[in-house]
Amino acid sequence: VSGLRALYFDGRTSAAGAVEIRLEAGAIVVQGAGVERRWPLAAITIAPRIGSAARTIEFPDGAACEVRDHDALDRLLPAPSPAGRLHRAVHLLESRLKFVAAALALTVLVGWASIEYGVPWLAREIAQALPREVDAALGEGTLEGMDQLFFTRSQVARGLRPRLRARFAELARAAGLDVQPRLEFRASPDFGANAFALPSGIVVVTDELVASAASEEELLAVLAHELGHIHHRHALRGVLQNAVTPFLLAAVTGDVSVLVGAMPTILIDMKYSRLFELEADDFAVALLDRQGIARHHLADILARISSAEEGDEGLGHYLSSHPATGERIARINRP
Amino acid sequence: MEPQSAMATTVLGPFAPVEIAPPVARAAAPAAPAALHRFAFAGTAREYVGIWTVNLLLTVLTVGIYSPWALVRARRWFHGSTLLDGVAFGYHARPTQILKGRLIALAAIAAYVVTVALYPWFELVGTLVILPAVVPWIVVRALRFRRRVASHRHLRFGFTGTLREAFEVYIVLLVTAILTAGLLYPHALYRRRRYLVEHSCFGQTGFRFDGRSSGFYGPFARVLGAAIAFAALVAGSVIAAGVDPWPLLTDAETESARAVVSLTALAAGLFLAYTYVSTRIENYAWNHTRLGADRFAMDLEFGRMLWLYVSNGLAIVASVGLMIPWAQVRLARYRLSRLSLRTVAGLDRHVAIGREAVSATGQELGAAFDVDIGL
């Protein structure tokens, strides 16, 4: 029986010798080029098979053999250890095209599932473990900053403000939030008709929104939607999701981290804010029902704002992260 | 925070250049004196696509825990497929070393982030004191680890660079380069290369570097000259054509179109310059690297490298990253096919360092930052 051809290195010099490897009564025999050695199989370490890359058989005294004929080596050896079997399984996966295709499909599936469900779930769990003060700290200074950048003094009639504030407070009480929200009025040509919920519990409505509302009920409907953002702690969850996504990607890709750069995380981000809007809508609808305010008010003002925005190429258009209004209106009106 | 940015820059290099197995040694089965020994890459893209994909899947399924195993598998394949005179390289890091190192690094970074969150002034201390002290330490650790876990002909590589010189090369020279508006940058590159080569060894045989600073300035100077000539040519032809450039420069309607055109041109120019400079410096540096008395020769062609980068980049973008393994293998094949070693007396005479001389201190941490640092 002719043995397996290999290169022999003694581990002390770089000299290479051509040898043959045989198996004889549970021992491995290395013979050739002035070498004749014998080791019990249990004493040697055989590198796992990876593609067609050369692998080494290491001997306890620091010598080693380099082998290229992987099939012959695998045939020569008896059944591998559990760890060796694992390596063989991985090699089998790697070397069959259909397994590779299946692995690829599965990777895409798992990646999609963790973005769709995993990350939002994780962010929600973390947010729940964090006290409300974290939200407040997050929103600290935000209003001041926005005042400098986007807002000017509100022109909403002085008489209207206390009444809206009172009805807002009533709504907030009914919502049963664990923070005391506050209503602020600002004018903002940049944002147009809009409302914001800051994580600290401040809700800002723009003069443009007040002007485009056909009734106080419509304004309250929008405020209920904003209370939904505060209730669900969307600001904090958004920050957490944005922090978790790249971390997950980096952890997962490791060696192939170029993917992180290629990954359109901004698209994922927009997808999440879509989910937040729908969640806030659901909250608003339930709250309005409890307060005896017809839910069509929310749908009405949404429809009006979005038709006014159509064709608008201004800042508001770019910043709009809200999902398709038609979809939201249908959802709100669904009994 | 530096480890992260160090990773980022290396990772985002031209499509994550495959780390070529560390410098090298001489090999020749039957010792043939005074011969030319060629490098080659024997792995195929088809093989690596399988390895890469399965690595990705197992890493995703284990939420990242498998990634050190994936890394070791990929490195073993790359080293085992890299041949000098028909003999392969070896990679010997254990995945648990890398995992442990990453956990330690993660803990250190988390501690730093928390400290900065609690005491914002600490960030200043971090930037001015900790970073300049830690970066050279990480560099030295990572290089030691990386050399030590690589082998050829079952002889390990090694790295003996000092912390002091790492501080000079990676901090002082970098700061000087910035302060001189980049004028000293080629010199900093030269010093870095010298540091990396001169302190590397194969067994007991040291690598030597006989390049000079001027060799690193040459490619930069030629690129600068070409850019100036190009600008003069454009300006000259605009004037010669009798076009009044003033409306072109001031017309608001064409402003955005002009911004797009000029930014694209700038990006293309920078890419051309990067490819040219890095290719030429790579050739120069290898051609001035010796292993003992034996000399390396590297002969990368600018046109080929340009084509490889462009086609690899397009393929990666078009395939949403799935062609990364193919791109890496192509690059490795070409680069290694242009590298050779001319020996005085064959490759058989290198001698190992005694095993006891290999200390294990800090290996784990070195492994944590073992993410393609130079060479």
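Two strands count as paired when DSSP finds at least two bridges between them. The views below show a predicted model.

**Figure 1. The open sheet of chain A has seven strands.** The strand order is E4-E3-E2-E1-E7-E6-E5, and the pairing is antiparallel. At the edges of this sheet are strand E4 (35-40) and strand E5 (45-46) of chain A, each of which pairs on one side only. Strand E3 (residues 27-32) of chain A is joined to E4(A) by six bridges, and the two run antiparallel. Within E4(A), A:Trp39 is the residue opposite A:Ile28.

**Figure 2. Strand E1 (residues 4-9) of chain A is largely enclosed by the rest of the structure.** This description applies because five of the six residues of E1(A) are buried. Strand E2 (residues 17-24) of chain A runs antiparallel to E1(A), and five bridges join them. A:Gly17 in E2(A) stands opposite A:Tyr8. E1(A) also pairs with strand E7 (residues 64-67) of chain A, in the antiparallel sense and over three bridges. There, A:Ala64 of E7(A) is the bridge partner of A:Phe9.

**Figure 3. Chain B is shown as a whole before the close-ups of its parts.** Chain B holds 13 helices and ten strands. It has 375 residues, and 47% of them count as buried. Among contacts in chain B with a separation of 6 or more, 76% are between residues 24 or more positions apart. The exposed area of chain B is about 17,800 Å², of which carbon and sulfur atoms supply 70%.

**Figure 4. Helix H2 (residues 45-61) of chain B has 17 residues.** From the first C-alpha to the last, H2(B) reaches 24 Å, close to the 24 Å expected at 1.5 Å a residue. Is H2(B) largely enclosed by the rest of the structure or largely open? H2(B) is largely enclosed, because 13 of its 17 residues are buried. After H2(B) comes B:Val63, which has a positive phi near 50°.

**Figure 5. Aromatic rings meet between helix H2 and helix H3 (residues 67-81) of chain B.** A pair of aromatic rings is described by the distance of the centres and the angle of the planes. Over all chains, the count is 25 aromatic pairs. In one of them, the rings of B:Tyr48 and B:Trp77 have centres 4.9 Å apart and planes at 10°, so the pair is stacked. Planes under 30 degrees apart count as stacked. B:Tyr48 lies in H2(B) and B:Trp77 in H3(B), 29 residues apart, and the pair links distant parts of the chain. Both B:Tyr48 and B:Trp77 are buried. B:Trp77 also forms an edge-to-face pair with B:Phe78, at 5.1 Å centre to centre and with 80° between the planes. B:Phe78 is buried as well as B:Trp77.

**Figure 6. B:Arg73 lies in helix H3 of chain B.** B:Arg73 is buried because its relative accessible area is 3%, and buried means under 20%. Which residues does B:Arg73 contact, leaving aside its neighbours within four places in sequence? Residues of chain A in contact with B:Arg73 include A:Pro48, A:Arg49, A:Ile50 and A:His87. A:Val90, A:His91 and A:Glu94 are also contacts of B:Arg73. From chain B, the contacts are B:Asn55 and B:Tyr66.

**Figure 7. B:His154 and B:Ala181 each have a positive phi although neither is a glycine.** Most residues other than glycine have a negative phi. The phi of B:His154 is about 60°, and that of B:Ala181 is about 55°. B:His154 sits in the loop between strand E4 (150-152) and strand E5 (155-159) of chain B. B:Ala181 is in the loop between helix H6 (163-179) and helix H7 (185-198) of chain B. Are these residues buried or exposed? B:His154 is buried, with a relative accessible area of 12%, whereas B:Ala181 is exposed, with 74%.

**Figure 8. B:Ser319 lies in the loop between helix H11 (302-318) and helix H12 (324-337) of chain B.** With a relative accessibility of 16%, B:Ser319 counts as buried. At 2.8 Å, the side chain of B:Ser319 reaches the backbone oxygen of B:Ala315.

Key: Residues numbered from 1 in each chain as written. Chains lettered and ligands numbered in written order. Heavy atoms only, no water. Helix = DSSP H or I, 4+ residues; strand = E, 2+ residues; numbered from the N terminus. Buried < 20%, exposed > 50% of the residue type's maximum accessible area, 1.4 Å probe, protein only. Contact = heavy atoms within 4.5 Å. Areas by Shrake-Rupley, 256 points an atom, 1.4 Å probe, with all protein chains shown as cover. Polar contact = N/O pair within 3.5 Å; in protein donor to acceptor, adjacent residues only side chain to side chain. Expected span 1.5 Å × (residues − 1). Phe/Tyr/Trp six-rings, centres within 6.5 Å; stacked < 30°, edge-to-face > 60°.
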